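Colleague: I would like to go through this model slowly and ask, at each step, what justifies the words we use. Could you show it to me before we begin?

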Amino acid sequence: MKKILSCLKPYRRAAILAVCFMVLDVLAEVIQPTLMADIIGQGIQSGDVGYIVRTGLLMILVAAIGLLSGFGNAKYSAKAGVGFAANLRDRLFRKVQTFSFRNIDSFSTASLSIRLTNDVTQMQNLATMGMRMMIRAPLMLPFALVMAIRINSSLALILGVSVPVLLVLLTLLVRRAMPMFEKMQRSVDRLNRTVQENVTNMRVVKSFVREEHEKRKFAEASDGQMNTAMRAMYAVIVNMPLMMLVMNCTIVAVVFFGGRQIIGNTLTVAEMTKFINYIMQILMSLMMLAMMFILLTRASASYRRIREVLDTESDMQDAEGARKAQGLRGRVEFRDVSFHYHAEDDGDPVLSHVSFTAEPGEVVAIIGGTGAGKSSMVQLIPRLYDVTQGAVLLDGVDVREYHLASLHDEVAMVLQKNTLFSGTIRDNLRWGNQDATDEQIYAAAKAAQAHDFIMSFPKGYDTWIEQGGVNVSGGQKQRLCIARALLKAPKVLILDDSTSAVDTATEQRLRESFRNELAGTTIFLIAQRISSVQDADKIVVMDDGSIVGIGRHDELLASCEAYQEIYASQQGEEASA
Ligand SMILES: Nc1ncnc2c1ncn2[C@@H]1O[C@H](COP(=O)(O)OP(=O)(O)OP(=O)(O)O)[C@@H](O)[C@H]1O
Ligand SMILES: [Mg+2]
């Protein structure tokens with residue numbers, strides 16, 4: 001709660017102003033019935049026109065003050081609410097940036113983005129409304145109550161009946177509507193998730209001709225959301241006439257008993273008018289309170305979900321006394337490494353007892369069937385995930401003992417599912433190094449065999465890349481991602497299936513340029529094709545989470561059955577192609 005409330009801090013002034021204006025607004029409103037009664041009681045009865053005009057003008061003045069205060073409150077509560085939401089969103093965003101891959105896996109990206117948008121909006125509504133209704137109702141209630149009792153305490157006894165009845169009705173309403181609104185919130189979530197997943201992956205949906213299926217899925221989510229929303233609204237609406245009935249009965253009772261008092265000369269018409277006005281204010285405040293409860297329920301789900309994000313600590317922290325990864329040689333050792341994606345998972349590990357060493361400057365190729373654990377293995381080097389057992393050592397030091405940021409500077413990884421961001425090619429490449437000069441950028445692009453095709457674009461390095469890099473080809477995108485990683489001038493470079501979409505001739509040139517330009521860099525190269533790996537210094541063959549062979553191409557061909565199989569299957573492909 002503290003964490004979330006502190007987001008309101010910079011807007012404390014606006015919040016306080018909003019509250020002050022609301023107090024003024026309420027005061028103006030509770031004074032009005034008294035002034036009105038004065039006009040009736042003193043002005044009309046005595047026929048004093050001057051008094052009527054004076055009091056009338058005073059009423060207009062009070063009304064104007066009320067109106068201006070209302071504006072003031074609306075302005076400042078909106079300002080504080082919007083500012084609060086912006087701060088909260090910013091805080092959430094920063095938090096999510098610290099998350100490890102494992103944290104992101106556990107929340108899912110769709111859920112995180114809904115929390116950052118929709119849930120924050122809910123909190124914003126609560127804050128804004130809170131500064132209006134939540135102050136107005138509790139303030140107006142006692143004021144009006146005191147006034148009513150002061151006018152005529154015996155008549156005020158009627159409230160002793162109608163308020164409890166109204167309270168019972170409101171409690172029933174809140175109890176009935178709360179679970180419905182909770183359900184509604186969940187269905188909104190489901191709807192959001194469907195939209196999010198679908199719009200992000202529109203291209204995939206289209207290419208699989210899944211539009212009909214997805215439309216149906218969306219319609220289900222949408223109908224579900226509509227039905228729950230309707231039921232919730234219905235519960236609220238059905239209660240409205242009931243409450244109006246209670247209010248009207250109260251007024252009838254006041255007129256009935258008050259009328260007898262007027263006849264008996266213990267009450268004036270003016271007092272009764274005033275009294276009815278205050279009674280209305282009391283009952284209205286109660287209804288406003290009920291609405292607040294419902295709003296609170298709706299926001300509390302969002303509050304919980306936001307807190308979950310804020311309370312999650314990244315499970316990838318710098319160790320105490322962590323050292324800076326600097327001046328490394330680039331020797332990587334896997335020492336009896338086993339790995340599970342989920343710590344609590346006790347099924348088959350994704351990697352079991354993997355041991356091997358990559359010497360500085362070596363090119364280590366990794367090959368193996370899909371799902372063999374190749375990506376999982378190399379992700380352990382820059383600590384995208386931590387090992388479950390054993391250790392990964394960089395220059396003889398456990399990677400967990402390095403500062404994460406400095407480790408990431410030394411170990412560059414081109415992920416299998418890589419992406420570019422909206423911006424120019426130059427901007428995208430600069431991700432590798434903020435301060436890169438144009439010469440450095442060109443050199444990296446040349447080494448990644450990207451310079452030529454970039455220059456063939458009319459705008460060259462200033463070509464705009466759309467979100468996700470959809471306006472460059474798969475092979476071009478891969479080479480841009482490689483260039484981006486090269487700009488880091490890393491000691492260890494990991495290419496996870498990064499040339500799968502590049503033609504063989506270009507791939508050949510890419511490998512040659514790595515040999516010449518990156519002589520001192522240890523390179524891990526995951527590939528599917530034997531032709532991509534055969535001139536590596538060391539080839540690691542993986543199967544089902546284990547290493548089944550290590551050696552050079554000819555050694556493996558002679559001794560490793562799995563490698564022979566891959567080789568044979570690809571020879572066949574080439575022959576038939
Ligand atoms: N984020 C994840 N959470 C849980 N399990 C995962 C995750 N990523 C991969 N796995 C599982 O780990 C196993 C190994 O996957 P991995 O991605 O390492 O295979 P791979 O050898 O890189 O395959 P490919 O050649 O298809 O890229 C698979 O069974 C996969 O289902
Ligand atoms: Mg993979």
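Modeller: Helices here are DSSP runs of H or I with at least four residues, numbered from the N terminus, and please keep in mind that the whole model is predicted.

Colleague: With that in mind, in which helix does Ser-513 lie, and why is Ser-513 called buried?

Modeller: Ser-513 lies in helix α18, which covers residues 504–517. Buried means under 20% relative accessible area, and Ser-513 has a relative accessible area of 8%, so the word buried applies to Ser-513. Leaving aside residues up to four places away in sequence, Ser-513 touches Ala-447, Gln-449 and Leu-518.

Colleague: What makes His-553 count as buried, and which residues does His-553 touch?

Modeller: His-553 is found in helix α20, residues 553–559. Its relative accessibility is 15%, and because buried means under 20%, His-553 counts as buried. Not counting residues up to four places away in sequence, His-553 touches Ile-530, Gln-534, Ile-539, Tyr-563 and Tyr-567.

Colleague: Which atoms are the protein donors of the magnesium ion, ligand 2?

Modeller: They are OG of Ser-375 and OE1 of Gln-416, which lie 1.9 to 2.1 Å from the magnesium ion. A donor here is an N, O or S atom within 2.8 Å of the metal, and because these two oxygen atoms lie at 1.9 to 2.1 Å, they count as donors. Ser-375 belongs to helix α12 (residues 374–378) and Gln-416 to the loop between β6 (411–414) and β7 (423–424), so the pair ties together parts that are 41 residues apart in sequence.

Colleague: Are these two residues buried or exposed, and how do you know?

Modeller: Ser-375 has a relative accessible area of 17%, and since the cut-off for buried is under 20%, Ser-375 is buried. Gln-416 has 41% relative accessibility, and because partly exposed covers the range between under 20% and over 50%, Gln-416 counts as partly exposed.

Colleague: Why is Arg-335 described as partly exposed, and what makes its link to Glu-333 a polar contact?

Modeller: Arg-335 lies in strand β1, residues 332–339. With 46% relative accessibility Arg-335 does not reach the value of over 50% that exposed requires, so Arg-335 counts as partly exposed. The side chain of Arg-335 makes a polar contact with the side chain of Glu-333 at 3.1 Å, and because the limit for such a pair of N or O atoms is within 3.5 Å, the distance fits the term. Arg-335 also touches Val-354, Ser-355, Gly-390, Ala-391 and Leu-393, not counting residues up to four places away in sequence. Arg-335 and Gln-389 are 54 residues apart in sequence and 9.2 Å apart in space, C-alpha to C-alpha.

Colleague: How many cavities does a search of the whole structure find, and what makes a space a cavity?

Modeller: The search finds 2 cavities of 30 Å³ or more. A space is called a cavity because a 1.4 Å probe fits there but cannot get out. The largest cavity holds about 50 Å³, and α18 gives the most to its lining, with 4 residues. That lining divides into 5 nonpolar, 2 polar and 3 charged residues. The second largest cavity holds about 40 Å³, and its lining has 5 nonpolar, no polar and 3 charged residues.

Colleague: What is the volume of the second largest pocket, and which classes of residue line it?

Modeller: The second largest pocket has a volume of about 370 Å³. Of the 18 residues that line this pocket, the closest to its centre are Met-1, Leu-5, Leu-126, Ala-127 and Met-134. By class the lining has 16 nonpolar, 2 polar and no charged residues.

Colleague: To finish, why is Asn-265 called exposed and Ser-108 partly exposed?

Modeller: Asn-265, in the loop between α10 (211–263) and α11, has 70% relative accessibility, and because exposed means over 50%, Asn-265 counts as exposed. Ser-108, in the loop between α4 (101–107) and α5, has a relative accessible area of 30%, which is not under 20% and not over 50%, so Ser-108 is partly exposed. Ser-108 has a positive phi of about 75° although it is not a glycine, and phi of Asn-265, also a residue other than glycine, is positive and near 65°.

Conventions:
Residues numbered from 1 in each chain as written. Chains lettered and ligands numbered in written order. Predicted model: local features only at pLDDT ≥ 70, side-chain atom pairs only at ≥ 80, totals over all residues. Heavy atoms only, no water. Helix = DSSP H or I, 4+ residues; strand = E, 2+ residues; numbered from the N terminus. Buried < 20%, exposed > 50% of the residue type's maximum accessible area, 1.4 Å probe, protein only. Contact = heavy atoms within 4.5 Å. 1 Å grid on protein atoms, 1.4 Å probe; cavity = no way out; pocket = protein on both sides within 12 Å on 5 of 7 lines; lining within 4 Å. Points joined across faces, edges and corners; volume = space filled by probe spheres on them. Nonpolar A, V, L, I, M, F, W, Y, C, P; charged D, E, K, R; others polar. Donors = N, O, S within 2.8 Å, 3.2 Å for Na, K, Ca; no water. Polar contact = N/O pair within 3.5 Å; in protein donor to acceptor, adjacent residues only side chain to side chain.
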